[in-house]
Amino acid sequence: MKQNNLKVAHIRHLKGDYVHLTLTYDESMEIPKPGQFFMLKTETTLIARPISVHNFFYVLKKGYVEFLFKVVGEGTYDLSKKTKGDTITLWGPIGNHFPVFEDRKTALLVAGGRGIAPLFYLTTTLFEKGYDIYLFYGVKESEELVHLLRLKNLCKKLFITTEDGKKGKKGFITSLFSDSISQYFDTREQPSLFDERSAQSPVCYVCGPDIMIERVCEISLKHDIETYISLEARMACGTGVCLGCTVETAGGRIYHICKEGPIFNAKEFYCL
Ligand SMILES: Cc1cc2nc3c(=O)[nH]c(=O)nc-3n(C[C@H](O)[C@H](O)[C@H](O)COP(=O)(O)OP(=O)(O)OC[C@H]3O[C@@H](n4cnc5c(N)ncnc54)[C@H](O)[C@@H]3O)c2cc1C
Ligand code: FES
């Protein structure tokens, strides 16, 4: 896959070791779709790092791609040290993308921690398509929450949980998701969750830690909600060659997350 050198247009250091990186896009490159990712090269690590597209937009006909990443090791630390005008070598967009259905109008998004990175781009895309968006967004510490104001404007409802209890509801997002969905579907006790239009065929999109994805899928699939998950693995090549990112489905099929993913229908992994 062709490598490109993109210039840093903007870099912002957020709380909770998060970095918001904006690169000036190259017109010759394919426009990324929500759920796709790029491999970003760093100076000190031999292997590039996979980072999801956080947003893509135009200003005065110039394209910009945004990434949101948490500094967790050498590679992300290197990227965080870039400054405006520096060049970053990357390749992509890689992988498949979240399916967006023209005939649906309701989306349930569940983001855990840095899982908000790809789901933010999905949120802006679904908003433009006229979807009612119900976003369940959970983090450990309240300072990790990003873009709350923008998300509030884009979503019909925004549900927040923090483990430190300083913002939103104290606890796990899986509990809030479970309570909200179960109450609505089992007893209809909470009609305020969906209006009539929204209650028809919602699609669920999930990104976050594996355990969170598993719990959310248990609930969504139990209620027959079509669910798409974004999976992660350590990646070396990002092109399907090194076999480093394989996952096995419930039916024993082997996929490369970088090639056949990172987005999968949850039914393939979680059979109830
Ligand atoms: C398709 C895809 C999209 C991603 N998108 C984003 C994103 O948008 N924002 C973001 O912050 N991160 C994202 N990640 C994770 C990101 O790639 C890793 O955090 C990064 O590669 C770590 O590199 P490092 O050199 O800083 O840390 P390393 O020194 O390589 O690792 C530091 C620690 O993080 C753990 N780690 C590294 N990679 C992963 C992983 N993939 N899953 C779980 N644990 C890991 C390691 O086990 C280690 O404990 C994505 C991963 C994939 C596969
Ligand atoms: S990262 Fe090498 S096969 Fe997926």
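This passage goes through the ligand site, the salt bridges and some backbone details of a predicted model.

The ligand is a good place to start. Ligand 1 has 19 residues around it, and those that come nearest are Arg49, Pro50, Gly75, Thr76 and Arg234. Sorted by class, this shell breaks down into 9 nonpolar, 6 charged and 4 polar residues. As for where the shell comes from, at least two of its residues are supplied by each of strand 4 (49-52), strand 6 (62-70) and helix 1 (74-80). Strand 4 gives the largest share, with 4 residues.

Polar contacts show up on both the nitrogen and the oxygen side of the ligand. Leu68 comes in through its backbone, where a polar atom sits 2.9 Å from a nitrogen atom of ligand 1. With Ser52, the side chain does the job: an N or O atom there is 2.9 Å from a nitrogen atom of the ligand. Gly75, already listed with the residues that come nearest, has a polar backbone atom 2.7 Å from an oxygen atom of ligand 1. Taken on its own, ligand 1 has 880 Å² of accessible area, and the protein covers 77% of that. The space the ligand takes up is also the largest pocket.

Away from the ligand, charge pairing comes next. Side chains of opposite charge can pair when their charged atoms come close. The model has 5 salt bridges in total. One of them joins the side chains of Lys129 and Glu102, with an N to O distance of 3.3 Å. This pair ties together distant parts of the chain, 27 residues apart. Lys129 belongs to the loop between helix 2 (116-128) and strand 9 (132-139), while Glu102 belongs to the loop between strand 7 (87-94) and strand 8 (106-112).

That leaves the backbone. Most peptide bonds are trans, and most residues other than glycine have a negative phi. Against that background, a few spots in this chain deserve a look. The bond from Gly92 to Pro93 is cis, its omega being near 0 degrees, and Pro93 itself is found in strand 7. Another cis peptide bond links Gly261 to Pro262, this time with omega at about 10 degrees. Here the proline is in a loop, the one between strand 15 (254-256) and strand 16 (263-265). Leu60 has a positive phi, near 50 degrees, despite not being glycine. Its place is the loop between strand 5 (55-59) and strand 6, and strand 6 is also one of the elements that supply residues to the shell around ligand 1.

Technical notes
Residues numbered from 1 in each chain as written. Chains lettered and ligands numbered in written order. Predicted model: local features only at pLDDT ≥ 70, side-chain atom pairs only at ≥ 80, totals over all residues. Heavy atoms only, no water. Near = heavy atom within 4 Å. Polar contact = N/O pair within 3.5 Å; in protein donor to acceptor, adjacent residues only side chain to side chain. Areas by Shrake-Rupley, 256 points an atom, 1.4 Å probe, with all protein chains shown as cover. 1 Å grid on protein atoms, 1.4 Å probe; cavity = no way out; pocket = protein on both sides within 12 Å on 5 of 7 lines; lining within 4 Å. Sits in = over half its atoms within 2 Å of the grid points. Nonpolar A, V, L, I, M, F, W, Y, C, P; charged D, E, K, R; others polar. Salt bridge = Lys/Arg side-chain N within 4 Å of Asp/Glu carboxyl O.
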